[in-house]
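Thanks for asking me to look this over. Here are my notes as numbered points, to be read with the model open beside you.

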Amino acid sequence: MTLTEKILARASGKAEVKAGDNVWVNTDVLLTHDVCGPGTIGVFKREFGQDAKVWDPKKIVIIPDHYIFTSDSKSNRNVDILRDFVKEQGIPYFYDVIEDPNGHWVFDASQGQLKRQYAASYAGVCHTALPLKGHTRPGEILFGTDSHTCMAGAFNMFATGIGNTDAGFILGTGKLLVKVPETMHFRLEGRLPKGVMAKDVILHIIGDIGFDGATYRAMQFDGPGAQALDMDDRMTIANMAIEAGGKNGIFECDEKTIAFVNEKTRLNGTKSTFRPVDLDRDQTFIYDKTFDLSKLEPTIALHPDPGNRALARECAHIPLDRAYIGSCTGGKTSDFLAFAQIIKGHKVVIDTFGVPATPDVVQDLQNTEWKGKTVWAILEEAGVQMTENASCAACLGGPTDTFGRLNRPMNCITATNRNFPGRMGHKESKVFLASPYTVAASALTGHITDPREYL
Amino acid sequence: MSQTVSGKIYVVKDNIDTDQIIPAQYLNLVPTIPEEYEKLGSYALCGLPESAYPVRFVPEGKGQTPYAIVVGGRNFGCGSSREHAPIAMGASGSRVVIAESFARIFFRNCVATGELYPLETPRRLCETLKTGDDGTVDLEKATLTINGKTHNLKPLGEAKPVIDAGGLFEYARKTGMIESRGK
Ligand code: SF4
């Protein structure tokens, strides 16, 4: 069996499953956030009753992260709906924006967008926060009301996005009917060359198989090239399985995985036992291809879809109005450090926005010093508008007062993961996906730029 | 529920993602709150760029669409997992969406909510059909008839009884997977 099949077999109590089987699986973790949580809670109450209890409060993780730093009153209310539900159900893992369990969240626009407006409990973007808070464990099943839930596949788990109705069903029963996907095998060999990042790997692969090349399928990444990648890189790659239509992306479990998971579960006191799945000799793949990472170059997904691949060096003719670094995929500490490596000592020539994925990233950047200056200060001095308010921000547009949102037609290069029309705001805008290196180099020139010129 | 759906069709192309079906700024609306459900309907497909789609799916100032049937190309419903997408289309009064292929989560959300029948077409219809054509979809036979011509669609298979029942929960009750209401 493939890694995905092994996890699904175990979670459904079967010795073996094969692609195409429909199986009821037990959920280890259910994740929801402020955009889909209220609707999920609504479905749960409508279907199981106003007084119903969730199947297991400890297996539910609720992370407000999408529409937080906005004056939109409905968005603020949605965080309150989550808080009320958490209180009612006794859910321990709720990463609230405010401290007071009886309070109301109201964003104070008068303080501006840049200054921190959250309590210590706040965790930032759910997919990045989830592993940091010790909720990803090898061999487990994670469902989330968000398509990029597949990011947790980096930790050798079956992780996939679902809708509110399915999530409401899980809240009541802990179970979900899943069709076992066929597995596509991506064997990675070689090391990433200078100037090339994990983001380039996945943009290259999506360009290869197409924006729907993995629809209904699992994407399994293994081989020496995958082992050489660190956890952040694996997360970037697994995150974008959905951009090829994939049901999930999954990596092997190795020492790096175990060290990460052990540390984070200990720090947050979450469940620390787990059973990884390893590679079988006998696996059936619907697709099998080897990619040599050392051959890759800085890659772009052009407007209007993530599979519209080009090389950065071929795109110098494309002028830009804005650059953006942030999101679950591209707003991790390692992403910002790569970005800063190119930006340092220069000035950006287009509007450039930086939105850390989590509060930890803000701290890392404010504590890391290069030649006596913090990375945060280096970015600010270069003209990057850095906000401490870690969240999804303009990655998905959001309410019109969202930090960095494209409120008029423009060309934007971004380290985020999705570029369908309207994704970052205005529906006539053009969005170009790239690695943090490429976004940085392009911010310095005002057109799409191969970052190797700066390294 | 009737087994045929007749009405005007609205034609779109490939990769209609959930942002075009319901732009992210309206995700502050909670589908299980009745007024907000209706509002979602009024915004259905309003994220389509006007440059490519000059005719609106839901006319300005209206809550309902005149188009009961949507015909698209490949990868319909790709992007986010927001259930707001099939719900917005269902709330606007649309019943059927026909495409060459669907993104997995959108398809599943159509079925789970019972809001829309997602039918696959083996042939590319979005180049030949025009917005405003009158069509009839027969859900039993899996056909679309337009201007006297009948196109075969792929049968819905295991998803059909779930939508017929009104979605995942009604289906789960009907088949005894969860307790029926009122106990
Ligand atoms: S950062 Fe973007 S892709 Fe990630 S969860 Fe938020 S909206 Fe989704």
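**Notes on the ligand site and the two chains**

1. Let me start with the ligand, since the space it takes is the largest cavity. For cavities, the search runs on a 1 Å grid over the protein atoms alone, and a cavity is a set of points where a 1.4 Å probe fits but cannot get out. A molecule sits in one if more than half of its atoms lie within 2 Å of its grid points. Please keep in mind that this is a predicted model, in which local features need pLDDT of at least 70 and side-chain atom pairs count only at pLDDT 80 or more, while totals for chains, interfaces and linings use all residues. Residues are numbered from 1 along each chain as its sequence is written, chains are lettered from A and ligands numbered from 1 in the order in which they are written, and side-chain values use heavy atoms, with hydrogens and water left out.

2. Which residues surround the ligand? They are His66(A), Val125(A), His127(A), Asp146(A), His148(A), Ser327(A), Cys328(A), Cys392(A), Cys395(A), Leu396(A), Asn417(A) and Arg423(A). The criterion is a heavy atom within 4 Å of the molecule. By class, this shell has five nonpolar, five polar and two charged residues. Here Ala, Val, Leu, Ile, Met, Phe, Trp, Tyr, Cys and Pro count as nonpolar, Asp, Glu, Lys and Arg as charged, and the others, Gly among them, as polar.

3. Two parts of chain A contribute to the site: domain 1 (3–177) and domain 3 (300–454) each supply at least three residues of the shell. The domain bounds come from an automatic or database domain assignment.

4. Ser327(A) deserves a click, as one of the residues around the ligand. Its phi is near 85°, a positive value in a residue other than glycine. Ser327(A) is in helix 10 (residues 327–330) of chain A; helices (H or I, at least four residues) and strands (E, at least two) are DSSP runs, numbered from the N terminus. With a relative accessible area of 1%, Ser327(A) is buried. Buried means under 20% relative accessible area, exposed over 50%, and partly exposed in between (1.4 Å probe, protein chains only).

5. Next, the loop between strand 18 (385–386) and strand 19 (411–414) of chain A, which holds Ala393(A). Although not a glycine, Ala393(A) has a positive phi of about 45°, and its 6% relative accessibility makes it buried. Leu396(A) lies in the loop between these strands too and is another member of the ligand's surroundings. Leu396(A) is buried at 4% relative accessible area, and its C-alpha is 32 Å from that of Trp370(A), 26 residues away in sequence. Leu406(A) also belongs to the loop between strand 18 and strand 19, and it is buried with a relative accessible area of 1%.

6. Is helix 11 (residues 333–343) of chain A mostly covered or mostly open? Mostly covered: eight of its eleven residues are buried. Among them are Phe336(A), Phe339(A), Ile342(A) and Ile343(A), along with Asp335(A). After helix 11 comes Gly345(A), with a positive phi near 80°.

7. Two more loop residues of chain A are worth a look. Pro304(A) sits between strand 12 (299–301) and strand 13, and the peptide bond leading to it from His303(A) is cis, with omega near 5°. Leu320(A) is in the loop between strand 13 (309–311) and strand 14 (322–326), and counts as buried at 6% relative accessibility.

8. As for chain A overall, it has 14 helices and 20 strands, and 66% of its 455 residues are buried. Its radius of gyration is 21 Å, which agrees with the value near 23 Å for a compact globule of 455 residues. The radius is taken over C-alpha atoms, and the globule rule is 2.2 Å times the number of residues to the power 0.38.

9. Finally, chain B has six helices and seven strands, in the order β-α-α-β-α-β-α-β-β-β-β-α-α along the sequence. Its radius of gyration of 16 Å is close to the 16 Å that the globule rule gives for 183 residues, so chain B is as compact as a globular protein of that length. Buried residues make up 61% of chain B, and its C-alpha atoms fill a box of roughly 50 × 40 × 25 Å along the principal axes.

Technical notes
1 Å grid on protein atoms, 1.4 Å probe; cavity = no way out; pocket = protein on both sides within 12 Å on 5 of 7 lines; lining within 4 Å.
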